[in-house]
Amino acid sequence: MMSRRALFALPALAALWPLSRWLHPDPLPDVPVLPVPEGALRVFHLGHSLVGPDMPHMLAQLAPQGHGWNSQLGSGTSLKQHWEPELAILDFEITNQPPAYRDAREAIGSGDYDAVVLTEMVELHDAIRYFDGADYFQRWADLARAGSPKTRIFLYETWHHLNDPEGWEARIHGDLEVLWLQKLSGADSRSNPDRPVYLIPAGQVMAAVAGAAEAGKIDGLSSREDLFARNSDGDLDTIHINDLGAYVVALTHYSVLYQRNPLGLPHRLTRADGSTAQHLSEQAAIEVQQIVWQTLLAQPRTGLAAAAQATLAGTRGSGS
């Protein structure tokens with residue numbers, strides 16, 4: 001017979017069960033391999049200044065002819081602020097100019113886009129805790145699914161301030177699974193195993209490129225700071241990227257959206273205003289493109305067909 005002490009312990013154990021599931025959630029369902037797109041894509045970007053005007057413009061220059069895009073952006077904007085019309089979006093008039101701008105609710109629900117790319121504000125902890133990030137992420141993803149059965153949905157993982165007290169690289173590597181994939185998008189991934197959100201792991205790529213630069217493995221780059229902008233007084237902007245950083249992020253978007261190796265893509269591009277962007281040397285561009293591809297192959301939620309093929313080939317090679 002169960003003791004009285006054991007009987008009293010049962011309610012406490014039951015109460016701890018949800019906490020245990022929150023701290024140690026079940027693994028996410030695998031994402032299906034994405035077929036390589038047959039042609040140019042129409043893409044909608046929803047986010048903030050870590051999208052910016054230049055990165056999507058660079059992406060269009062890397063993509064097949066006919067690539068088109070629109071966006072709705074803000075400064076430090078959460079997915080909740082984009083969704084709720086009564087909430088203000090900081091710098092809305094500055095960051096949303098024609099022809100790039102299109103109202104997000106109308107655009108994403110229209111079914112006009114082959115791909116919708118969502119990202120959440122940084123600090124991600126605050127977005128999830130105070131701005132209902134997981135709820136609004138799923139709302140936007142569901143809106144895209146309702147718009148068209150063919151629209152692919154992507155989560156753009158960003159990065160943190162270079163001077164983050166926990167460490168820039170530590171936050172990037174630690175937050176991917178815990179915050180981006182589990183707490184922000186995990187509920188949506190479990191609810192939609194057949195139409196999941198795929199990952200554009202730009203934070204992981206930025207960390208890999210920065211690490212290679214600091215190891216002397218990229219021509220002309222020596223520091224993570226080489227990827228970040230400078231303020232008007234010359235001080236380092238610890239969160240916003242410069243042209244070189246935008247190029248790295250654009251390569252990452254290209255490779256996941258188009259499911260293709262970026263090796264050999266052009267590296268002399270223009271900004272959204274038509275001016276010439278700062279660029280890597282030809283050797284550095286090749287080195288960066290290789291790092292981008294290898295980093296993406298290590299991330300299973302990118303949907304990369306090449307990654308699945310490589311895994312399959314490795315399994316066969318290790319067989320009997």
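Trainee: Which residues line the largest cavity?
Mentor: This is a predicted model, where local features need pLDDT of at least 70, side-chain atom pairs count only at pLDDT 80 or more, and totals for chains, interfaces and linings use all residues. Numbering runs from 1 along each chain as its sequence is written, and side-chain values use heavy atoms, without hydrogens and water. A cavity is a set of points on a 1 Å grid over the protein atoms alone where a 1.4 Å probe fits but cannot get out; lining residues have an atom within 4 Å of a point. The largest cavity is lined by Leu28, Leu155, Leu181, Ser185, Ser189, Val197, Tyr198, Leu199 and Arg301.

Trainee: Which strand gives the most to the lining of the largest cavity?
Mentor: By class, that lining has six nonpolar, two polar and one charged residues (Ala, Val, Leu, Ile, Met, Phe, Trp, Tyr, Cys and Pro are nonpolar; Asp, Glu, Lys and Arg charged; the others, Gly among them, polar). One strand gives three residues, the most of any element. Its span is residues 197–201, and its name is E5 (strands are DSSP E runs of at least two residues, helices H or I runs of at least four, numbered from the N terminus).

Trainee: What is the volume of the largest cavity?
Mentor: The count comes to one cavity of 30 Å³ or more. Volume here is the space filled by probe spheres set on the points, joined across faces, edges and corners. The largest cavity has about 40 Å³.

Trainee: How much space lies in the largest pocket?
Mentor: A pocket is an open set with protein on both sides within 12 Å along at least five of seven lines. The largest pocket has 26 lining residues, with Ser49, Val51, Gly52, Pro53 and Asp54 nearest its centre. Elements giving two or more residues to this lining are helix H2, strand E2, helix H4, strand E7 and helix H11. The lining divides into 13 nonpolar, 11 polar and two charged residues, and the space comes to about 490 Å³.

Trainee: Where is the kink in H8 centred?
Mentor: H8 covers residues 168–184, yet its end C-alpha atoms are only 20 Å apart, short of the 24 Å of a straight helix (1.5 Å times one less than the number of residues). The kink is about 60° (the angle between axes fitted to the seven residues ending at a residue and the seven starting there). Its centre is Asp175.

Trainee: Why does Thr158 count as buried?
Mentor: Thr158 sits in the loop between strand E4 and H8. It touches His48, Leu50, Thr119, Val122, Trp180 and Gly203, leaving aside residues up to four places away in sequence (contact means heavy atoms within 4.5 Å). Thr158 counts as buried (under 20% relative accessible area; exposed is over 50%, partly exposed in between; 1.4 Å probe, protein chains only) because its relative accessibility is 1%.

Trainee: How far apart are the C-alpha atoms of Ala202 and Leu155?
Mentor: Ala202 belongs to helix H10. It too is buried, at 1% relative accessibility. Among its contacts beyond four places in sequence are Tyr156 and Val249. Ala202 and Leu155 are 47 residues apart along the chain, and their C-alpha atoms are separated by 9.8 Å.

Trainee: What is the omega of the peptide bond from Val122 to Glu123?
Mentor: Most peptide bonds are trans. The Pro98 to Pro99 bond is cis, with omega near 5°. Glu123 lies in the loop between strand E3 and helix H6, and the bond from Val122 is cis, with omega near 25°.

Trainee: Is Gln259 buried or exposed?
Mentor: Gln259 lies in the loop between H11 and helix H12. Its phi is positive, about 55°, although it is not a glycine. With a relative accessible area of 6%, Gln259 is buried.
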